[in-house]
Amino acid sequence: MRIFDPHIHMTSRTTDDYERMAAAGVRAVVEPSFWLGQPRTSAASFTDYFDSLIGWEPFRAGQFGVRHFATVALNPKEANDPRCRPVLDLLPRYLDKDAVVAVGEIGYDSMTPEEDEAFAAQLALAVAYDLPALVHTPHRDKARGCERTLAVVAESGIEAGRVVVDHLNEVTVKLVRDSGCWLGFSIYPDTKMTPSRMVELLREYGTERMLVNSAADWGRSDPLLTRATGEAMLAAGFSDDDVDRVLWRNPVEFYGQSGRLDLSDLDVTAKVDPQTGNSILRGGS
């Protein structure tokens, strides 16, 4: 099983996690910039953080055969802090970097006017730099937050197919499905989705434009829940090819729109058995 985790915060994880992930078939990850738990006190701290995302973290991942990419943004929670707002002027320096494959995480936390402004400004940057956008939906009042998110996306002029709306659940999946955006689901203990719930959504809505991630961070989380979801899909009767589409080909297709997704020297090719239609995979466990 080959796995591309399209949303995981490896800065918060240990090298043991990389080793476990590689053994489980994880070959590539995207790390979105996010809130670190402790409020930042100046925009300068973002400079060090972004430098780490495009420098140190890819090196650390590479030691275990994992390809690391990043997205950069002023995250929704810190968009409300005036000390962090100058980050919007800092972003263009990083949006030109080869390892940056999208603008994100952007969107809403508390749905404030400050978040409205930062969200719209960063969608405009995604259009200007011809990059996809990774959108965070709020943990509270999800349906209203999702509706507001989709309205801002539509107003921005960015193509729906270049946007993934993340942290979805049973309440918000149809809204995003009908919008034409990609659908992101975080398999995360207690507060988000479980493998079994994800399988039921895949039964109902299919595998097209579906991205499954662990969103593992400094909280109680598990970077192997992508693998667990693939195994739950197989146990529920999905084919190897269905699993490969959700856990590998979909994130490759979405982030490939950046033109920067270099997977050239990873042994992650797959052939399809002409008799069964299932993938014959190499490069995973």
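**Exercise 1.** How many bridges join β5 to strand β6, and in which sense do these strands run?

Before we start, a word on the ground rules: this is a predicted model, where local features need pLDDT of at least 70, side-chain atom pairs count only at pLDDT 80 or more, and totals for chains, interfaces and linings use all residues. Residues are numbered from 1 along each chain as its sequence is written, and side-chain values use heavy atoms, leaving out hydrogens and water.

*Solution.*
- Step 1: Helices (H or I, at least four residues) and strands (E, at least two) are DSSP runs, numbered from the N terminus; two strands pair if DSSP finds at least two bridges between them.
- Step 2: β5 and β6 (residues 163–166) share 4 bridges and run parallel. Within this pairing, Val135 has Val165 of β6 as its bridge partner.
- Step 3: Now look at β4 (residues 100–107), which pairs with β5 in the parallel sense over 3 bridges. Here Gly107 stands opposite His136 in β5.

**Exercise 2.** Follow the chain through helices α5 and α6 and give the handedness of each crossover.

*Solution.*
- Step 1: A crossover is right-handed if, with the strands pointing away from the viewer, the path from the first strand over the helix to the second runs clockwise.
- Step 2: From β4 the chain passes through α5 (residues 113–128) to β5, a right-handed β-α-β crossover.
- Step 3: The unit made by β5, α6 (residues 142–156) and β6 is right-handed too.

**Exercise 3.** Are the side chains on the two sides of β5 buried or exposed?

*Solution.*
- Step 1: Buried means under 20% relative accessible area, exposed over 50%, and partly exposed in between (1.4 Å probe, protein chains only).
- Step 2: In a regular strand, side chains alternate between the two faces of the sheet.
- Step 3: In β5 (residues 133–136), Ala133 and Val135 on one side and Leu134 and His136 on the other are all buried.

**Exercise 4.** Why does the pair Trp35 and Trp218 count as edge-to-face?

*Solution.*
- Step 1: Rings of Phe, Tyr and Trp (its six-membered ring) pair if their centres lie within 6.5 Å; planes under 30 degrees apart are stacked, over 60 edge-to-face, the rest tilted.
- Step 2: The centres of Trp35 and Trp218 are 6.0 Å apart and the planes stand at 80°, so the pair is edge-to-face.
- Step 3: This pair links distant parts of the chain, 183 residues apart.
- Step 4: Trp35 is partly exposed at 25% relative accessible area, and Trp218 is partly exposed at 45%.
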